[in-house]
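Reader: Got a minute to go through the charged pairs in this one with me? Here it is.
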Amino acid sequence: FLSIKIKQSKGDYSAPTFNGYVVLTGSMIPEIMEKDVVITKKIPAENLKVRDIITFASSDPRWKGTIITHRIIEKYKLNDGTYEFRSKGDNNNVADDLVQQENIFGKVILTIPKLGYLQMFLATKSGWIIGILIPCLCVVSYDILKLFKVVGRKAERKINKKKVNYVK
């Protein structure tokens, strides 16, 4: 998040180097299951190889702009020096349309099993309350209690100081 904000403040709106996505379908079973989180790293297209798993924005008119995570099954170098890739889900019968290199967000470098369930839970009202609101209220309440203790000690010292002065 910080990396994105720093880059944007400098006028750079390119995709971040690392990103995370929740997998919503079983197209990559058994390698990647539904609700797993994949972490991707942006790497140059020339470094991508057949068998790598990539996350990309679909250019297929039926799924235009949908973010997909599939395996590269073919790699093509075009005359202008750019690359296109054919991808396919491990659990799918049919390959995807060609993926242009500018539509690739990154290569999958890490899969975190079932973390997507937590993200989906936190997106609900009760998840937001339990996962975010209650912990925040606990921290604020704890800080308020600490503040009252500090103020109480200072007031007690003042009273004790006045008693000492009064006794003299």
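Reader: Is R71 buried or exposed?
Author: R71 is buried, at 8% relative accessible area (buried is under 20%, exposed over 50%, partly exposed in between, with a 1.4 Å probe and protein chains only). Bear in mind that this is a predicted model, where local features need pLDDT of at least 70, side-chain atom pairs count only at pLDDT 80 or more, and totals for chains, interfaces and linings use all residues. Residues are numbered from 1 along each chain as its sequence is written, and side-chain values use heavy atoms, leaving out hydrogens and water.

Reader: Which residues does R71 form salt bridges with?
Author: One is E31, with the closest N and O atoms 3.7 Å apart (a salt bridge is a side-chain nitrogen of Lys or Arg within 4 Å of a carboxyl oxygen of Asp or Glu). R71 sits in strand 4 and E31 in the loop between strands 1 and 2, so this pair ties together parts 40 residues apart in sequence (strands are DSSP runs of E, at least two residues, numbered from the N terminus). R71 also meets D90, at 2.8 Å from N to O. D90 lies in the loop between strand 5 and strand 6, 19 residues from R71.

Reader: What do the shared partners add up to?
Author: E31, R71 and D90 are joined into one network.

Reader: And what does K107 pair with?
Author: K107 forms a salt bridge with D52, at 3.5 Å between the closest N and O atoms. K107 is in strand 7 and D52 in the loop between strand 2 and strand 3, so parts 55 residues apart are tied together. D52 is buried at 10%, while K107 is partly exposed at 22%.

Reader: How many salt bridges does the structure hold?
Author: Six.

Methods
Helices (H or I, at least four residues) and strands (E, at least two) are DSSP runs, numbered from the N terminus.
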